[in-house]
Amino acid sequence: MAKQKKGDKASKKPVVKAAKAAGTKAQESVAGGGLRELLRVPAGEIDLTTYDTRSTAGFSGTKDDGKDALASLGAEVSDWQERLFAEGRSGGERSVLLVLQGMDTSGKGGVIRHGAGLMDPQGLKITSFKAPTPAEKRRGFLWRIRQAVPGGGMIGIFDRSHYEDVLIARVRELVTPNVWTRRYDQINDFEAELTASGVKIVKCYLHISPEEQRTRLEARLDDPTKYWKYNPGDVDERQLWPDYMDAYHAAIERCNTPDAPWYVIPSDRKWYRNWAVTTILLETLKELNPQWPAADFDVEKEKKRLAAT
């Protein structure tokens with residue numbers, strides 16, 4: 001990863017032009033391999049402290065340029081999503097699973113709101129994982145995850161995921177070390193199984209600094225309209241930041257496979273985070289290259305029948 005410290009008709013044209021210009025600038029900046037290659041975690045050990053949380057790797061422009069660039073992705077990402085959805089409705093089994101992990105306030109919900117918001121809801125399956133129920137615990141940690149895997153033609157988004165079982169379960173000692181240690185291999189086997197069945201896995205770690213997290217938590221306490229987003233437990237988890245970083249290091253290192261790699265997304269700048277994850281998703285869809293299904297009927301015959309009505 002590269003390190004780097006609604007109106008009238010007349011008013012819409014400049015906005016569209018600005019969005020297209022920003023989109024072109026962004027595309028040029030990631031040419032020659034794509035953003036996935038730039039943000040993908042290499043195999044081996046990882047040191048998250050060497051990744052700049054305020055980086056805008058792959059994008060040369062301002063905050064406003066970034067917001068325009070995200071908007072400019074809308075038509076294209078929506079088109080590719082519809083192609084995948086149509087493929088699924090015609091018997092195709094391929095799907096995409098976007099896994100979002102990160103510390104509290106890193107922006108999982110923001111990515112879903114601004115990135116997934118560009119796509120058709122009928123082709124999305126969004127699952128937010130909370131603490132497992134007693135019944136879910138009895139079935140094994142992957143049982144509820146399997147229930148949420150997207151079917152053919154769908155884009156599934158996990159707000160937290162099976163990785164919580166080697167993160168909070170490890171840090172909070174919810175299970176013994178022997179148990180969470182075995183889970184890395186179980187996760188790799190599970191993801192290999194999904195890949196073999198046609199699920200393309202995209203795992204994004206939203207990398208935020210402790211300083212930025214404090215700022216965002218303070219903003220929630222200073223704004224009555226954001227009280228609902230504040231959880232006193234976030235401060236308790238914050239005090240365990242070093243332990244969580246150790247857990248993330250292990251999870252990313254041990255579950256970073258060729259078919260299900262990790263991407264580290266600098267997330268102190270919300271606009272860049274949203275653009276980066278959406279761009280990676282778009283690159284993934286284009287690589288899958290779903291095609292519009294051919295008609296399973298006589299088109300010309302149907303035209304004549306329709307004209308006669």
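**Talking through the core and the sheet**

Modeller: Let's start with Tyr163 in this predicted model. Beyond its neighbours within four places in sequence, Tyr163 is in contact with Val99, Gln101, Ile187, Glu191, Lys203, Ala251, Cys255 and Trp262.

Colleague: What makes these residues count as contacts of Tyr163?

Modeller: Contact needs heavy atoms within 4.5 Å, and the residues I listed, including Val99 and Trp262, are in contact with Tyr163. Tyr163 also belongs to the largest nonpolar core, which has 40 residues; Tyr163, Leu48 and Tyr205 touch the most other members. The largest share, 8 residues, comes from α11.

Colleague: Thanks! Why is Arg183 called buried?

Modeller: Buried means under 20% relative accessible area. Arg183 has 10% relative accessibility, so Arg183 counts as buried. You will find Arg183 in helix α8, residues 177–196. Leaving aside neighbours within four places in sequence, its contacts are Phe141, Asp165, Val166, Ala169 and Val175.

Colleague: And how do you know that β4 and β5 pair?

Modeller: Pairing takes at least two bridges between two strands. β4 and β5 have 5 bridges, in the parallel sense, so by that definition they pair. Lys203 stands opposite Trp262 in β5.

Colleague: Why are β2 and β5 said to stand at the edges?

Modeller: The open sheet has 5 strands in the order β2-β3-β1-β4-β5, with parallel pairing. β2 and β5 each have a single partner strand, so one side of each is left without a neighbour in the sheet. From one strand to the next, the twist averages 20 degrees. Helix α8 lies across β1 and β4, at about 135 degrees to β4.

Definitions and conventions: Residues are numbered from 1 along each chain as its sequence is written. This is a predicted model: local features need pLDDT of at least 70, side-chain atom pairs count only at pLDDT 80 or more; totals for chains, interfaces and linings use all residues. Side-chain values use heavy atoms; hydrogens and water are left out. Helices (H or I, at least four residues) and strands (E, at least two) are DSSP runs, numbered from the N terminus. Buried means under 20% relative accessible area, exposed over 50%, partly exposed in between (1.4 Å probe, protein chains only). A nonpolar core is a set of buried Ala, Val, Leu, Ile, Met, Phe, Trp, Tyr and Cys residues joined through side-chain atoms within 4.5 Å. Axes are lines fitted to C-alpha atoms, for helices over the stretch in contact, and angles run from 0 to 180 degrees between N-to-C directions.
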